[in-house]
Amino acid sequence: MSELDPGGNLPLPDGAVTVRVPGPFDVSALITDDDGKVRGDDDFVFYNQPSAAGARLHGDTLTVDPPGLRAGATRVTVVVSAADPATPLGRLPAPTLHVTGAGGRPLARFAPPRPRQETVLLLAEIYRRGDGWKVRALGQGYADGLAGLARDFGVDVADDPQPSPPGPSTFAPSTTRPAPGAPPLARPAPRVPSPARPARPAPPPPGPESDGFLGLVNSARSAVGSPPVSLDARLAAAARAHAAAMASAGRLGVQGADGVSVHQRVTAAGYAYVTIGEHLVSGPRTPAEFVAYCLRTEQPRRTVHDPAFTHAGLAYVTDARSGDTYWTALWARPLTPAELARAQAEVVTLTNRERARAGLAPLAVDPLLAAAAQAYSADMAARAFYSHTSPEGTQPWDRAAAAGSTRRSIGENIACGQRSAAEVVEGWMNSPGHRANILKPAFTHLGIGFAGGGPAGTYWTQLFGA
């Protein structure tokens, strides 16, 4: 994975990429041509208009499929702003951009210099260069907020003539239409009201992690038919350690300044999981406000509602220097032999379903390949690496042979970060190289490995044999 500096760029692989900016921000995107101007309302992707051709927003995650963008589009600019338009970004944790490719493979990370009085930040752009696409780190802020954005992108910025109710900033379509022959700046563009938020109360001192949290989340889960979760002391301890690490660093992040990820804290606390979710948030002042924030947008809400989770842990720590409160909520289901077998069997089933669609024979489970795959997933999680080549230089066929396999042809798919069997198989099928292994007619047998922990949270291995 590449760490980008402002102005740095990185070629992107073919296919869709995802861009995630965790934290108390509104994430949006502008789709432009070579002239750098929007064509109209459809060129904006934001939480109230979460999709356009080739781009879709899920909570804090934007997925961009460059070949699917509208005709003439050559650039997608990722924008972050405070949920309250009047709040300078300098009063919030510095945003961090995470870029991943097919199968959840980490590609790049960008942590710009901490903003000060800016209220809007152009974080990065995905742009066409020749026949390929690249990502460039920007970190350009506007102290005059949306007015500065207007100058660069041809956005019509207007205040609502009537007072707006408290709430997040929104883009409302303009009814203006350009006159014949009008220049690019006259193109229709969203109008952006600037609602005000009431002053927030001071945060309470950190108290018991349960402090009303459990009742609120279980009520939300019950409303959608999901079973209740219970608090787990190990998850709470991991959440407390990670919230403290974020407060100490003054920024949100899956990985703390100490280099330890939130997932590594969970496994270090003694909780082995088969699936996990997390909310890393700064801004809410009470558990009730925190839960309301998580339920506001689609992706965080899906995590709260996810029926797969059985346990939760919550902690919050206030940074004495800035007064910002950093929250970590963890959601998990424990790993047991039965759960591991179920996850492995589900990957096999989904893999064979894809082969059946292609008219291919199903793959049989090979215990020796399964043992090698499981050992390798566990090794990647424990030693925090991600590669087909181990730190000692072994390759997939070496590991299969070491497990006792005598199969003549070996293939391997690996993935990290996916939270379910369905998600990992879908990611592999969307990647040409991984898809080729799954649909290779010569393969007859398969072994699956899964482990939780490490920087990425989950590590998956498919080991094929013939």
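Two strands are said to pair if DSSP finds at least two bridges between them, and this idea helps in reading the predicted model shown above.

**The open sheet**

In strand 21, the residue that serves as bridge partner of N413 is Q462. The two strands concerned, strand 19 and strand 21 (residues 457–465), pair in the antiparallel sense over seven bridges. They belong to an open sheet of four strands, which follow the order 18-20-21-19 with mixed pairing. Strand 18 (364–365) and strand 19 (410–416) stand at the edges with a single partner strand each, so one side of each is left without a neighbour in the sheet.

Helix 8 packs on this sheet, where it touches strand 18, strand 19, strand 20 and strand 21. Helix 10, for its part, lies across strand 19 and strand 21. The table sets out the directions of these two helices.

| Helix | Residues | Reference strand | Angle |
|---|---|---|---|
| Helix 8 | 367–383 | strand 20 (445–453) | about 25 degrees |
| Helix 10 | 421–429 | strand 21 | about 60 degrees |

**A buried residue in strand 4**

F25 has its place in strand 4 (residues 25–32). Is F25 buried or exposed? The relative accessibility of F25 is 7%, and because buried means under 20%, F25 counts as buried. Leaving aside residues up to four places away in sequence, F25 touches V80, S81, L89, L92, P93, A94, P95 and Y293. F25 and D60, which are 35 residues apart in sequence, lie 8.0 Å apart in space, C-alpha to C-alpha.

**Cores and cover**

In soluble globular proteins, nonpolar side chains tend to be buried together. Here the largest nonpolar core has 35 residues, of which L62, V76, L97, V99, I126 and V135 touch the most other members. A second, separate core of 21 residues includes L340, L363, L439 and F443. Among the residues that V76 touches, not counting those up to four places away in sequence, are A29, L30, I31, L62 and I126.

In helix 6 (residues 298–305), the residues P300, T303, V304 and H305 are buried. Their cover includes helix 2 (213–223), strand 15 (273–282), helix 5 (287–296) and strand 17 (325–334).

**The protein as a whole**

The secondary structure comes to 11 helices and 21 strands, and 50% of the 466 residues count as buried. Of the contacts with a separation of 6 or more, 70% are accounted for by residues 24 or more positions apart. The protein exposes about 19600 Å², and carbon and sulfur atoms supply 55% of that area.

Conventions:
Residues numbered from 1 in each chain as written. Predicted model: local features only at pLDDT ≥ 70, side-chain atom pairs only at ≥ 80, totals over all residues. Heavy atoms only, no water. Contact = heavy atoms within 4.5 Å. Axes fitted to C-alpha atoms, helices over the stretch in contact; angles between N-to-C directions. Buried < 20%, exposed > 50% of the residue type's maximum accessible area, 1.4 Å probe, protein only. Core = buried A, V, L, I, M, F, W, Y, C linked by side-chain atoms within 4.5 Å. Areas by Shrake-Rupley, 256 points an atom, 1.4 Å probe, with all protein chains shown as cover.
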